[in-house]
Amino acid sequence: MIVKPIEYPYRALQLEALLSRIKANHPNISLINQDYQWKLAGYRGEKAVDFPLSFLPDEEYFILHDLRLWDGKHFFQIDVLVLHAKYALIIEVKNIVGELYFDTDLHQMIRIKGEEKEAFPDPILQVNRLTRQLKTWLAVHHFPDIPIYPLVVFSNTKSILRLTPTQIQTFKNTLIHKEYLPELIPKLTASYQTPFLPSNEKKKLIKGLKRQHTPLDTGILHKYQVDKKDIITGIKCEGCNQFLMKKHMQHWYCTGCKQKERQLLIPNLKDYYFLFGEQITNSQLREFLQIESIYTSSRMLAKLNLKVTGTGKKTVHHLSLNLFKSEIGGN
C-alpha cells in the first residue's frame, strides 16, 4: 500500500520557472539545464519502480516515496522506503542509461555510453549511509531498532550492469533491475523471522515519518547565483513564447504574434511563486507582470481571493501551491 505517493519534484518546478524566464546569456544556464534533466530523470525512475512494487500485497507492505529526514546532524533523502512488520527496505533508485561498471576499491560507478565515460558516486556507499542515518533517526525518535535492508534499483531497461563474478556473488541481491523487485522482496521477507513492528507501532512509525518529512525549499535564485535583473518580466505568450502580452479589455493581446488569451494570470503567477516565494504585493505584481495600472492589478489580486496580511501599501497577498495545481506538470 502506498502511504506516501511520489510527487512531481518541487525543485523541478522551481527549475522550470527559472528556465522559462532566465536571460539566455546567463553563465549558469547550462548547469541549470543539467540539474533540471537530472531531477526529471530521478522522478521518472521512481515512477517506474511503482509498477513492480504494486505486485506486493497491500496489507503487508507500506510504501513511502521521497522522504527527507533529519538525523540530528544531516538531512538525508530516501527515494523509496518499504515497511514490513519484520524489516524496512531502503530503495535507492538509479535511472541511468549505458554500461555500468562498479569499482569497489575506489568506490565509484563508471558509466560508458558510446564514446563517453563518466564517473558517478558509489550507489552502495550511498544506500549504506542512508541505512545508518535511518537507524539513527529511529533511535532519536524512540522507534524500535528494526532491521534495515539496503537496495539499489536500476529503473531504466537500458542500464547494463557489468559486474565481475565476485561482485555478482556479493551484490546480486543489492544491485538489481526493477523487474526483479516482486521476486526479491518476498524472499527477503521470508529470511526475517521475527516481527518487530506490531500494527500500532507500524502506524505510529508511518505517521512519524510523514510528519518529520522536510521538503527541500532553498532559494532557487541564490543557489544558481541569479540576480533579480536576470529574470525576464512580463506575461508570456503561449503562441510565440515571447513576453509581449499586453492587457486589453478582458483579454491579453500579444504585440508579436497577435494572439489573444483570457486566462494567463495563473500560469505567470506560478513562475513568481517558484522563483520568489509565496508573498506578493500589488507593486511586485505590477513589476513582475509589467502592468501599468494599479487598479488592474488590484482587481486581478482581488479575484484570486488570497489570504491577505497588512494594510494599505504594506498589504501582502499570500500565494499557495494549491492555486497552481492545474498548472503543475508530471502528474
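# A tour of the pockets, sheets and helix contacts

The lining of the largest pocket comprises 23 nonpolar, 8 polar and 15 charged residues. In these classes Ala, Val, Leu, Ile, Met, Phe, Trp, Tyr, Cys and Pro are nonpolar, Asp, Glu, Lys and Arg are charged, and the others, Gly among them, are polar. The model is predicted, with local features requiring pLDDT of at least 70 and side-chain atom pairs pLDDT 80 or more, while totals for chains, interfaces and linings use all residues. Residues are numbered from 1 along each chain as its sequence is written, and side-chain values use heavy atoms, without hydrogens or water.

**First stop: the largest pocket**

Please select K39, E46, D66, Q77 and D79, which are the closest to the centre of the largest pocket among its 46 lining residues. The pocket holds about 1700 Å³ of space. (A pocket is an open set of points on a 1 Å grid over the protein atoms alone, where a 1.4 Å probe fits and protein lies on both sides within 12 Å along at least five of seven lines; lining residues have an atom within 4 Å of a point. A volume is the space filled by probe spheres set on the points, which are joined across faces, edges and corners.)

Next, colour helix 2 (29-53), which provides the largest share of this lining, 7 residues. Other elements that give two or more residues include helix 1 (10-21), strand 4 (88-94) and helix 3 (123-140). (Helices, H or I of at least four residues, and strands, E of at least two, are DSSP runs numbered from the N terminus.)

**Second stop: the six-stranded sheet**

Strand 2 and strand 3 also contribute to that lining, and they belong to an open sheet of 6 strands in the order 1-2-3-4-8-10, with mixed pairing. Select 2-4 for strand 1 and 175-177 for strand 10 to see the edge strands, each of which pairs on one side only. From one strand to the next, the twist averages 35°.

At the strand 1 edge, the partner is strand 2 (residues 62-70), joined in the parallel sense over 2 bridges. (Two strands pair if DSSP finds at least two bridges between them.) Display I2 and I63 here: the two are bridge partners. Then add residues 199-212, which form helix 6; this helix packs on the sheet and touches strand 1, strand 2 and strand 3 (75-83), with its direction at about 50° to that of strand 2.

**Third stop: two hairpins**

Move to residues 98-103 and 108-113, where strand 5 and strand 6 run antiparallel and are joined by 5 bridges. F102 has M109 as its bridge partner in strand 6. The hairpin has 4 residues between the strands, and H107 takes a positive phi near 55°.

Strand 6 continues the pattern with strand 7, in the antiparallel sense over 6 bridges. Keep M109 selected and add F120 of strand 7, which stands opposite. In this hairpin 2 residues lie between the strands, and G114 has a positive phi near 65°.

**Fourth stop: helix 2 against helix 5**

Return to helix 2 and show helix 5 (residues 181-191): the two pack at about 65°, with axes 8 Å apart. (Axes are lines fitted to C-alpha atoms, for helices over the stretch in contact, and angles run from 0 to 180 degrees between N-to-C directions.) Which residues of helix 2 make the contact? They are V49, P52 and L53, facing L181, P182 and I185 of helix 5. (Contact means heavy atoms within 4.5 Å.) By class, the contact consists of 6 nonpolar residues, with no polar and no charged ones.

**Fifth stop: the second largest pocket and its helices**

Select K247, Q250, R262, M300 and K303, which lie nearest the centre of the second largest pocket, lined by 16 residues. Its volume is about 470 Å³. Helix 10 gives the most to this lining, with 5 residues, and helix 8 (265-276) supplies at least two. The lining divides into 8 nonpolar, 3 polar and 5 charged residues.

From helix 8, look across to helix 9 (residues 282-289): the axes come within 11 Å and cross at roughly 110°. The two helices are therefore roughly perpendicular (the term covers 65 to 115 degrees). Among the residues that meet are L265, Y272 and F276 in helix 8 and L285, F288 and L289 in helix 9.

**Last stop: the three-stranded sheet**

Finally, show an open antiparallel sheet of 3 strands in the order 14-16-15. Strand 14 (279-280) and strand 15 (307-309) each have a single partner strand, so one side of each lacks a neighbour in the sheet. Strand 15 pairs with strand 16 (residues 316-318) over 3 bridges, and T309 stands opposite V316.

Notes. Angles under 35 degrees count as roughly parallel, over 145 as roughly antiparallel, 65 to 115 as roughly perpendicular and the rest as oblique.
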